[in-house]
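Trainee: I have a structure open and would like to learn how to read it. Could you walk me through a few features?

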Amino acid sequence: MAQNEVIKTINGKLFKKMCYGALNRLKDQQSYIDSLNVFPVPDGDTGTNMLLTFQEAVENLDQVKSERIDKLTQALSKGALMGARGNSGVILSQLLRGFSEANKYKKVMGNEDLIKSLSMAARIAYQGVLKPVEGTILTVSRKAAKRAEDLRDIEDIDQLLEKVIESAHKALNKTPEQLPQLKEAGVVDAGGQGYLTILEGMRAGLTGKVEVTEKKVTKREVSEEEVDLKYGYCTQTLINVKDKSVDIEEIKNDIEQFGDSLMVVGDEEIIKIHIHTNHPGIILEYALKTGSLKDIKIDNMKLQNAEMREKHEMKQKEEYDNLKDNSTEDFDEKLIMNSKVKELNRKTGIIAVAKGKGIKNILLELGVDLIIDGGQSMNPSINDFVDALEKIDQDKVLILPNNKNIISAAQQASSLSDKDISVVETKAIPQAIAALLVFNDQEELEDLKNNMESEIINVKTIEITNAVKNSKVNGYEIEENDVLGLVNGTIKAVGNSELEVIEELIKSDWEDEDLITIYFGDGASEEDAQEIKKKFTERSSDAEVEIYKGGQPLYPYIISLE
Amino acid sequence: MKIGILTDSTCDLPEDILNEYNVNVIPLTVSLENKQYKDKVDITSEEFLKKIKNTDQLPTTSQPSAGEFTEIYEKLNQQYDHILSIHLSEHLSGTIQSAKLALKENSKFNVTIVDSKSTSMGLGFLVILAAKLINKDYKLDKIVDILEMARKDMVIYLTVDNLSYLQKGGRINKAESFIGNLINLKPILKLDFNSTSVEPIGKVRGNNNIHKKFMNYSESYISKNKSDNKYWFGLLYGEYEYAKEFEDKFKEYLNLQKINYDYFKNNVGSVIVSHTGPSVYGIILFKGGKYIDE
């Protein structure tokens, strides 16, 4: 392509290049965008969610043989819709839907079409949000589109995009003026940045300033494998377990620090471990503590060639998958079906999102039909919900998203399904537990949703986690790794220890509580939870305090007060 | 006309009240570890509680036979002109069936059977009401009418620590019995005029919450059944320690209400404990005074 050639239309090939460009740029900027999240809690990372969403969009685009713009934008939109994760992902999917609707019956895209696409994108995105907030990706997309409307006389699409990007950038820089939280934290809006990034990437793809190959997306895994020799020894062993109470999750937690590609499967009698590590000896010593060893195998992977390695790993994976099928329920599984409730032939099915073995167990006991693995910083996609909705037997379904950042994906999924679905707006696990107590299979979906949502109001959720970065929120100067105490999603205490933070919350947020439930997660122990229980009983001797092992990652404690 | 009362051993009235009103009792039978006991005759409720706690076997219960009814009707017909035979709900036991069978075979008996549609102290309250009406010289037909009306005003709420007894005894349907023992859930069970079984109507977590629920039910019973007459409230329990904390709160609560009431308490007999386990406790609400103008 000549250097100064003017591009007046975008054909299919060029459009694909633009999309690859955007995907690449998103990848580069992923962690930067993540770092713009105001809340320093490990939750709903905007960069990650937008990247994952766009990635699925591009994967779907790649499936299309046609070079027509209408077909391609449609595929992009559909892929994004299925892959959308988190609020930012859902909004991105709406932007792409608008983009696609503007290109109906179009073979190629001219400057006018592009302008219309940007406008439609912004309009559809606004419509898709219940309460649009200014100072977000919505504002950035609207202002960019508005600028584009004034640029109809620019035929050169590269030039057009340049001006649009300029405006998007300006709009983005103004977001802190519109949203006080952004100003306090000293950042621009993460979603808005994501939108800008995509525009920039598209422009780069258009002019060929980035070299993009079609297979970039799918090839990634293979190329990663080639360089993945940080750990040199593939180490495996079977353990004849001596103590039946041994917990697979615990083994995983204990040894994952020594390498990667970790797989631990088994049952009460035999456990198989596979890990790539530089210290096979440590792994075997550890395994010895659990039981007697059998079929020990250590391979030096550096001596194997890539092909052999790949074959070997495939075989391993297969073996483990087989073993998994035979072992007791696996709580890392993306979907867990509840066979116990299945027998009841209930009219209404329940889907919940959860992380952590203990919490999943409790939800299953309370009658959830199907659990989607996910939660903070692991937001399931719309597609994950669609899959779950297909798998569940019932035609009437309640969804409990259990996270504020997952609700919109659940709602989008329910609008895509033929089933009768109601999304109960649960934002935390304790809310789900309270909601499940009032479930009654005789009632209609809408009544159930109402009953459940009025139950949720009576539950206060405390979450304890560690700051993932420095930040300023709610008047708190937060440093990375500070312990944060959130009450119903708002940071209410910051400190150096979990106990200190909880004590502060007891002081500030106590309202005559009757029942306190502590779910301790990774990084916390039953003894620690007992210490916390003491603090609560000191505050009120009448309150009942219960402790459960939740096993959730990132949040050492989730506590409900009701 | 001299009217006598026969009830069954599930009525859970204290001994002194039974004596005061001359109430006759036909026992049901409980079986445990291949031994049969006549409820409250061969074994006290306390002794039975001890026994079921020390075994992993589940007790079973059986209704009195038609023959046993015949025997007792024969005896009572010699003392009274007519017998009011008031029993636990036909939905819960075959006791009334046995009684009916006895009547069918012996048409000479002067007996009227009344289904209390309840059991335990719910049945007991109806028996007290009948006795009081008899003492006030009401006519038989009138008494039966009043009992059949009054039973509609009675409601029992119960809870148990776990549902295993109710599940194994088949007294609760499967879908409803699906409840997590993992997270200390307490079911709320209800029995009233419309119940065809002891129905689970909800579940809550923790003791404080179940206490609150019981108090709420009392509150709405009182406001729905406004009356200047005496309410009859009762506390039922298997093992008292489960109910103690609640009773303190319940009494305090009742004291604060601007109403007239009588308060009864008693442990439930072996038959009921066989189906609920020792952890059962609950309340019974009834505006009994209205029917005798007390």
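Trainee: How many residues of domain 1 of chain B are in contact with domain 2 of chain B?

Mentor: To read a contact between domains, look at both sides. In this predicted model, 31 residues of domain 1 of chain B are in contact with 29 residues of domain 2 of chain B. On the domain 1 side, α2 (45-53), β5 (60-62), α5 (120-135) and α6 (140-150) of chain B each supply at least two residues. By class, that side has 15 nonpolar, ten polar and six charged residues.

Trainee: Where do the two domains of chain B begin and end?

Mentor: The assignment gives residues 3-151 to domain 1 and residues 153-291 to domain 2. Their C-alpha centres lie 22 Å apart.

Trainee: Where is Tyr138(B) placed?

Mentor: Tyr138(B) belongs to the loop between α5 and α6 of chain B. Leaving out residues up to four places away in sequence, Tyr138(B) touches Leu133(B) and Ile143(B). Asn24(B) is 114 residues away from Tyr138(B) along the chain, and their C-alpha atoms are separated by 20 Å.

Trainee: Why is Tyr138(B) called partly exposed?

Mentor: For this we count neighbours. A residue is buried with 20 or more other C-beta atoms within 10 Å of its own, and exposed with 12 or fewer. Tyr138(B) has 18 within 10 Å, so it is partly exposed.

Trainee: Now two helices. At what angle do the axes of α8 and α9 of chain B cross?

Mentor: For a pair of helices, look at the distance, the angle and the hand. The axes of α8 (residues 207-224) and α9 (residues 240-256) of chain B come within 10 Å and cross at roughly 35 degrees. The crossing of α8(B) with α9(B) is right-handed. From α8(B), the contact uses Asn207(B), His211(B), Phe214(B) and Met215(B), while α9(B) brings Glu245(B), Phe246(B), Lys249(B), Phe250(B) and Tyr253(B). Sorted by class, this contact has five nonpolar, two polar and two charged residues.

Trainee: How many residues does each chain give to the contact between chain B and chain A?

Mentor: Chain B gives 14 residues and chain A gives 15 residues. On the chain B side, β10 (199-205) and α8 are the elements with two or more residues there. The residues of that side divide into five nonpolar, six polar and three charged.

Trainee: Over in chain A, how many residues of helix α2 are buried?

Mentor: The same neighbour count can be used along a helix. In α2(A), 14 of the 17 residues are buried, so the helix is largely enclosed by the rest of the structure. We can check its length too: at 1.5 Å a residue, α2 (residues 46-62) of chain A should span 24 Å, and its end C-alpha atoms are 24 Å apart, which agrees.

Trainee: And α17 of chain A, is that helix mostly covered or mostly open?

Mentor: Helix α17 (residues 407-416) of chain A is mostly covered, with eight of its ten residues buried. Among them are Ile407(A), Ala410(A) and Ser414(A). The buried residues of α17(A) pack against several elements of chain A, including α3 (69-83), α4 (86-101) and β11 (420-423).

Trainee: One last pair: how far apart are the centres of domain 3 and domain 4 of chain A?

Mentor: Taken over C-alpha atoms, 25 Å separate those centres of domain 3 and domain 4 of chain A. Each of these domains gives 15 residues to the contact. On the domain 3 side, α15(A) gives the most, with four residues.

Key:
Residues numbered from 1 in each chain as written. Chains lettered and ligands numbered in written order. Predicted model: local features only at pLDDT ≥ 70, side-chain atom pairs only at ≥ 80, totals over all residues. Axes fitted to C-alpha atoms, helices over the stretch in contact; angles between N-to-C directions. Left-handed = near helix turned anticlockwise from the far one by under 90°. Contact = placed C-beta atoms within 7 Å. Nonpolar A, V, L, I, M, F, W, Y, C, P; charged D, E, K, R; others polar. Domains from an automatic or database assignment. Expected span 1.5 Å × (residues − 1).
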